[in-house]
Amino acid sequence: MLYFTSIWRFSDAWPLAASMETEVMPAQDTWKQYSNALVKVLCRDFQRDMPRLLTVDHGAYCYHILCLDGILFLTCCQKSDPMAASYAFLEEISREFVNLYADQVERKDIRPYKFIKFDMFISKSRKVYQSPQGSATRTLPHVERKSYNQIMGVTEAPAARNDSSAVVFGLVGLGVLVIVGVIVYFIM
C-alpha cells in the first residue's frame with residue numbers, strides 16, 4: 001500500500017508536489033517528518049553519488065526513491081509490499097511530471113508545492129498500482145538498499161510515536177541535537 005508520495009528538487013531539497021492521502025497509516029505525520037528529514041540529508045550528502053533507485057528501510061515501512069533529471073520522487077509503503085510495483089509507480093509519475101514540468105523545476109522563484117495539482121495524476125496512478133494487476137511482478141535494475149539509520153547517522157532506530165521526541169532523534173543527521181544541546185547549555 002502506497003501511503004504518501006512527494007516530489008522534490010534534488011539540488012536544494014525544495015518540495016515541488018505531494019499527494020493528498022486518503023489512506024491513513026499509524027503516526028502518519030511522524031513518518032512524513034522522517035521522509036522530509038531523509039530527503040534533506042540525501043540532497044545534502046549525496047549530491048555526487050545519489051543512486052537512481054534507492055530503498056530506505058525504516059521500521060515496518062520503507063521509502064522507495066527514484067532520482068531522475070535533478071528531481072527526487074519518494075513514496076512510503078509497507079516493507080511487505082512488492083518493490084517492483086512501487087518503482088513502476090514512481091517511474092510512471094516521474095515520466096509524467098518531467099514531461100509536464102521539467103522546464104519549470106529549476107526556477108528559483110517557485111513556491112513550495114507549486115505543482116500540487118499534479119496530485120490528481122498521483123492519485124490515479126496510485127489506484128492502478130495498488131490493484132492486483134498493477135502490482136504484477138517485473139524485473140528491476142539494481143536497487144541500492146540502505147537503512148534509515150545509516151543515512152541519518154543514527155545508531156539506534158527511533159520508535160514511531162505520536163509525539164515529536166521521536167522526530168528529534170531521527171534528525172541527528174541534520175544537527176538538531178547539537179542546536180538543542182547549545183540551547184540547554186545556555187539556559188543552565
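In this predicted model, one helix pairing offers a clear starting point: Ala 85, Ala 88, Phe 89, Glu 92, Ile 93 and Glu 96 of α2 meet Phe 121, Ile 122, Ser 125, Arg 126 and Tyr 129 of α3. The residues of this contact comprise seven nonpolar, one polar and three charged.

Two packed helices are described by the angle between their axes and the distance between the axes. Here, α2 (residues 83–105) and α3 (residues 119–130) pack at an angle of about 150°, and their axes are 10 Å apart. Helix α2 is therefore roughly antiparallel to α3, since angles over 145 degrees count as roughly antiparallel. The crossing of the two helices is right-handed.

Attention may now turn to the nonpolar interior. The largest nonpolar core contains 28 residues, and those with the most contacts inside it are Leu 38, Met 50, Tyr 63, Ile 65 and Ile 151. At least two residues of this core come from each of β1 (2–9), α1, β3, β4 (61–68), β5 (71–78) and α4 (148–152). Helix α1 gives the most, with eight residues. Another core, of 24 residues, lies apart from this one; among its members are Cys 62, Ala 88, Ile 110 and Tyr 129.

Ile 151 is in contact with Leu 38, Val 41, Leu 42, Phe 46, Leu 54, Val 56 and Lys 146, leaving aside its neighbours within four places in sequence. One of these partners, Phe 46, is placed in the loop between α1 (28–45) and β3 (53–58). Is Phe 46 buried or exposed? Its relative accessible area is 14%, so Phe 46 is buried, the cut-off being under 20%. Phe 46 and Phe 10 stand 36 residues apart in sequence, with their C-alpha atoms 9.6 Å apart in space, and the two residues touch.

Technical notes:
Residues numbered from 1 in each chain as written. Predicted model: local features only at pLDDT ≥ 70, side-chain atom pairs only at ≥ 80, totals over all residues. Heavy atoms only, no water. Helix = DSSP H or I, 4+ residues; strand = E, 2+ residues; numbered from the N terminus. Buried < 20%, exposed > 50% of the residue type's maximum accessible area, 1.4 Å probe, protein only. Contact = heavy atoms within 4.5 Å. Axes fitted to C-alpha atoms, helices over the stretch in contact; angles between N-to-C directions. Parallel < 35°, antiparallel > 145°, perpendicular 65-115°, else oblique. Left-handed = near helix turned anticlockwise from the far one by under 90°. Nonpolar A, V, L, I, M, F, W, Y, C, P; charged D, E, K, R; others polar. Core = buried A, V, L, I, M, F, W, Y, C linked by side-chain atoms within 4.5 Å.
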